[in-house]
Amino acid sequence: MAAETEFAAAKINLCLHVTGQRADGYHLLDSLVCFADIGDRVTVTAGQGLKITGPQAAQLAPMPDNLCLRAAEAMGGGVSIGLEKHLPIASGIGGGSADAAAVLRAMARMGRTLPEPAQVLALGADVPVCLSGRATRMQGVGEVLTPVSLPSAWLVLVNPGVGVSTPEIFRALGRKDNAPLSDLPEWRDCHALADWLAAQRNDLQAPAIALQPVIEDCLAALEAQSGCALARMSGSGATCFGLFKDQAKADTARAALAARHPAWWVAAGQMLS
Ligand code: C5P
């Protein structure tokens with residue numbers, strides 16, 4: 001059996017409104033999600049086990065409950081997974097979900113049948129959107145997906161090196177019945193997108209900052225960069241993104257942030273449409 005390699009793109013919540021809570025405790029969301037050409041790489045071959053390499057490998061033990069292995073089990077197992085880990089762990093950009101979705105895509109290319117949507121969702125609320133791999137309005141708890149078109153833009157991602165527990169952030173959230181997103185227009189360019197986003201929110205940002213104040217430093221550092229049209233936290237944090245129209249300005253910002261904050265993880269890449 002040939003090896004199948006898949007890119008596991010970082011998932012960024014450009015905005016994330018918490019609009020309710022189900023009886024089982026899961027939260028109803030309304031979120032505009034995009035992906036970036038920054039991510040992990042997953043290689044699947046015949047065999048068994050999980051080998052993790054790459055710059056973030058030390059942060060992640062290859063435990064049996066790893067989402068990659070659970071995804072492989074959901075498609076019948078019997079594969080060996082190589083995970084080249086670049087994205088920081090527990091950081092609000094869907095690393096684990098993106099990796100699981102990449103395993104599902106790789107195994108589908110090998111002729112396996114994708115699990116039912118409910119089974120994909122059971123792997124994690126962000127796995128369905130990561131499986132789609134394209135810009136999406138995500139609602140429900142992560143299962144109601146409407147594709148959207150986004151204008152050309154660049155993203156700078158900053159993570160201060162603190163892991164954030166998603167359940168803890170949801171528990172710390174005050175209001176859970178916030179307004180949904182405003183109607184989605186067709187954004188003609190990055191600035192139109194930034195203007196629209198400025199009127200939306202990430203409802204998890206304030207509780208995340210209360211638990212990890214360094215997130216505010218990340219946002220301020222991004223906002224200080226020339227060409228940054230908007231800075232916000234993604235998901236339950238702690239990773240923050242800056243939205244840029246220009247590749248050159250995004251690259252300059254990435255280099256400046258990395259030089260000024262050597263302990264932070266900083267990356268720049270194109271927003272995938
Ligand atoms: O589905 P996933 O394992 O990624 O979710 C992690 C945790 O985040 C859940 O156990 C739940 O506490 C919280 N969560 C939530 N509502 C969502 C997604 C996640 O409350 N829509």
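Here follow questions and answers on a predicted model, from its ligand shell to its backbone oddities.

Reader: Which residues surround the ligand?

Author: The ligand has Y26, H27, L29, G124, A125, D126, V141, G142, T166, P167 and F170 around it. Each has its C-beta atom, placed from the backbone, within 6 Å of the ligand.

Reader: What makes the shell around the ligand six nonpolar, four polar and one charged?

Author: The class of each residue decides. Asp counts as charged, and D126 is in the shell. Gly counts as polar, so G124 and G142 go with the polar residues. The full split is six nonpolar, four polar and one charged.

Reader: Which elements supply at least two residues of that shell?

Author: Strand β2 (27-46) and helix α5 (166-172) do. The largest share, three residues, comes from α5.

Reader: How do you know that the shell draws on each domain?

Author: Start with the bounds. The domain assignment gives domain 1 (4-146) and domain 2 (150-272). Y26 is a shell residue and falls within 4-146, so it belongs to domain 1. F170 is in the shell too and falls within 150-272, so it belongs to domain 2. Each domain gives at least three residues to the shell.

Reader: How far apart are the C-alpha centres of the domains, and how many residues are in contact?

Author: The centres lie 20 Å apart. In contact are 29 residues of domain 1 and 35 residues of domain 2. On the domain 1 side, β1 (4-21) and β2 each supply at least two residues. β1 gives the most, with twelve. By class, that side of domain 1 has 17 nonpolar, nine polar and three charged residues.

Reader: Why is α1 called roughly parallel to α2?

Author: Helix α1 (residues 67-74) and helix α2 (residues 95-109) pack at about 30°, their axes 8 Å apart. Angles under 35 degrees count as roughly parallel. The angle here falls under that limit, so α1 is roughly parallel to α2. The crossing of α1 past α2 is right-handed.

Reader: Which residues make the contact of α1 with α2?

Author: From α1 come L67, C68, R70, A71 and A72. From α2 come G96, S97, D99, A100, V103, L104 and M107. Eight residues of this contact are nonpolar, two polar and two charged.

Reader: What makes the bond between G237 and A238 stand out?

Author: The peptide bond that joins G237 and A238 is cis, with omega about 5°. Most peptide bonds are trans. A238 sits in the loop between β8 (228-233) and β9 (240-244).

Reader: What about the phi of A90?

Author: A90 has a positive phi of about 50°, yet A90 is not a glycine. Most residues other than glycine have a negative phi. A90 lies in the loop between β4 (79-84) and α2.

Conventions:
Residues numbered from 1 in each chain as written. Predicted model: local features only at pLDDT ≥ 70, side-chain atom pairs only at ≥ 80, totals over all residues. Helix = DSSP H or I, 4+ residues; strand = E, 2+ residues; numbered from the N terminus. Contact = placed C-beta atoms within 7 Å. Axes fitted to C-alpha atoms, helices over the stretch in contact; angles between N-to-C directions. Parallel < 35°, antiparallel > 145°, perpendicular 65-115°, else oblique. Left-handed = near helix turned anticlockwise from the far one by under 90°.
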